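Biologist: I would like a close look at a single part of this protein, namely the nonpolar interior. Could you walk me through that part slowly, and then show me what lies around it?

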Amino acid sequence: MSVSPDILSAAGSIPSSCLHRIFRAAEAKEQESGTDVMKLHVGDPYFDPAANVADAFVDAVRRGETKYTGVEGLPALRAALVEKLHTDNDVDSAVSRLLISPGSCQGLAALLQSLAEPGAEILLPELHWPVHLQQSLLAGFRPVLYPLGDGFRPSAGTIAAAATPRTRVLLINSPANPTGVALDRGELGALLELARSRGWHVISDEAYEHFLYEREHISVASLERDVPVDERIVHSVFSFSKSFAMTGYRLGYVSLANDRAADVMKVAQEANIIGTSTPAQYAGIAALDSRAEATAANRKLVQRNRDVALSPLVRAGLLDELPAGGWYAMLDVARTGLDSETFATRLLEQKGVAVVPGNGFAMRPEVDGQGRIRSHDFAPWARHLVRIAFCVDPVALETGVRKIVEFADECGGGGHVSAG
Ligand SMILES: Cc1ncc(COP(=O)(O)O)c(C=O)c1O
């Protein structure tokens, strides 16, 4: 697919993501049919934040805590997060290196802006969250997509082979969206070692830090806690959205590797946001007060969904194994004979279940010297992948999964591969 040559901005050359397309299609289907669609396409949880979170937000508004905070965020929230990172993540952060952002998505965007240099490249996995790719392009990076190995796992050797002298950043996302892969200490250590030996920065997106189902989460930055601050390279990005079910509050934070990086990102934030919503930050302080109970309860709800609702997909041969972490599972629908776009379209049409075609997580852009996408295609092996979210209402999830299996069985081996 190629883009019109008169597109001048990088933003103008980026196609809208698969997530938005399916979002609109699901809404349209609901309106047209007057019935509920089983929405397995979006990572929004069915559970709510603890009651003290809403109270803290409302109290802050009623107290008139509705002015700007500093660009870095409320000192009390930043101090509480430094303590959380120290105790829970074994990360040695500091208030001077901790910035609050309106959602971790915006924190990531500002971090990328503050690390981008003309001609610099960023390493992303071939199967990635589309927002990571979009943000890299908007910040001015040239994305370089490296192949994943068995079970969608990255390896230092493959990444080293994909790197060039222009590589500046390696992005790590564990547990990963969309694959659910969680890297262990040894794997993270090898990636960090490689980045350090090549002089790269590491961005560690840990939005799903509280959703690991068999073992504990490892923060990459914990592996360099004994390195002098000025020599550290890991910038860690965290979110309140998933851990505390606070998606609509829009609250995240970035723990920068060192003070220099924090100063640069502050400039980006001053220009981008001026500051983060003040009441949302008070809600964040309340969420941290009850974090042990809230995060354990939320993990349990999603784990139950995973264990109960996804097992039929494994039995039906549509999923190799239950995901180790995160909120998503990548199904392989090759046995239906349908490509993922056709599968998703027909599933929505015939069964009222919304899923995301895997193509959208495997776009391979051809970028020109000005950072604009000139053409793109999709990794061919993603042609039969479909992503579902398992953080949704258990009844909708179980019904949706039952219909997916039913639909796959109806297609049998005789489905029709479309040209798309
Ligand atoms: C991998 C990953 N990182 C970051 C985010 C952004 O979360 P938020 O901006 O709500 O903090 C998401 C949201 O889906 C995600 O999947």
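Modeller: What follows starts with the interior and then moves on to the ligand, a few single residues and the loops.

Please keep in mind that this is a predicted model. The largest nonpolar core has 45 residues, and those that touch the most other members are Leu111, Ile122, Phe141, Ile203, Leu256, Met265 and Phe361. Several elements give two or more residues to this core: helix 1 (18–33), helix 4 (104–115), strand 3 (121–125), helix 5 (130–139), strand 5 (167–173), helix 8 (259–272) and strand 12 (363–367). The largest share, five residues, comes from helix 4. Because domain 1 (11–48 + 293–411) and domain 2 (51–290) both give residues to this core, the core lies between them. In soluble globular proteins, nonpolar side chains tend to be buried together.

To see the surroundings of one member, take Ile122: leaving aside its neighbours within four places in sequence, Ile122 is in contact with Leu112, Ser136, Phe141, Arg142, Pro143, Val144, Val169 and Leu171. There is also a second, separate core, which has 42 residues and includes Leu74, Val181, Val202 and Val220.

From the cores we can turn to the ligand, which has 14 residues around it, and of these Ser104, Asp205, Tyr208, Ser239 and Ser241 come nearest. The side chain of Asp205 has an N or O atom 2.7 Å from a nitrogen atom of the ligand, while the side chain of Tyr208 has an N or O atom 2.7 Å from an oxygen atom of the ligand. For Ser239, a polar side-chain atom lies 2.6 Å from an oxygen atom of the ligand.

Two single residues are worth a look as well. Arg306 is found in helix 10 (residues 291–315), and Arg306 counts as buried because its relative accessibility is 3%. Its side chain makes a polar contact of 3.0 Å with the side chain of Asp307. Not counting residues up to four places away in sequence, Arg306 touches Tyr213, Glu214, Ser311, Leu322, Pro323, Ala324 and Phe390. Ile273, in turn, has its place in the loop between helix 8 and helix 9 (278–289), and Ile273 is buried, since its relative accessible area is 18% and buried means under 20%. Although Ile273 and Ser101 are 172 residues apart in sequence, their C-alpha atoms are 8.4 Å apart in space. With residues up to four places away in sequence not counted, Ile273 touches Pro102 and Gln106.

The loops hold some backbone details. A cis peptide bond joins Ser174 and Pro175, with omega about -10°, and another cis peptide bond, with omega about 20°, joins Asn177 and Pro178. Pro175 has its place in the loop between strand 5 and helix 7 (185–198), and Pro178 is likewise found in the loop between strand 5 and helix 7. Phe152, in the loop between strand 4 (142–146) and helix 6 (156–162), has a phi near 60°, a positive value in a residue other than glycine. Arg250 also has a positive phi, near 60°, and its place is in the loop between strand 7 (234–239) and strand 8 (252–255). Phe152 counts as partly exposed at 26% relative accessibility, and Arg250 is partly exposed with a relative accessible area of 35%.

Finally, a search of the whole structure finds zero disulfides. Of the cysteines, Cys105 counts as partly exposed at 27% relative accessibility, whereas Cys391, at 0%, counts as buried.

Terms used: Residues numbered from 1 in each chain as written. Predicted model: local features only at pLDDT ≥ 70, side-chain atom pairs only at ≥ 80, totals over all residues. Heavy atoms only, no water. Disulfide = S-S within 2.5 Å. Buried < 20%, exposed > 50% of the residue type's maximum accessible area, 1.4 Å probe, protein only. Core = buried A, V, L, I, M, F, W, Y, C linked by side-chain atoms within 4.5 Å. Helix = DSSP H or I, 4+ residues; strand = E, 2+ residues; numbered from the N terminus. Domains from an automatic or database assignment. Contact = heavy atoms within 4.5 Å. Near = heavy atom within 4 Å. Polar contact = N/O pair within 3.5 Å; in protein donor to acceptor, adjacent residues only side chain to side chain.
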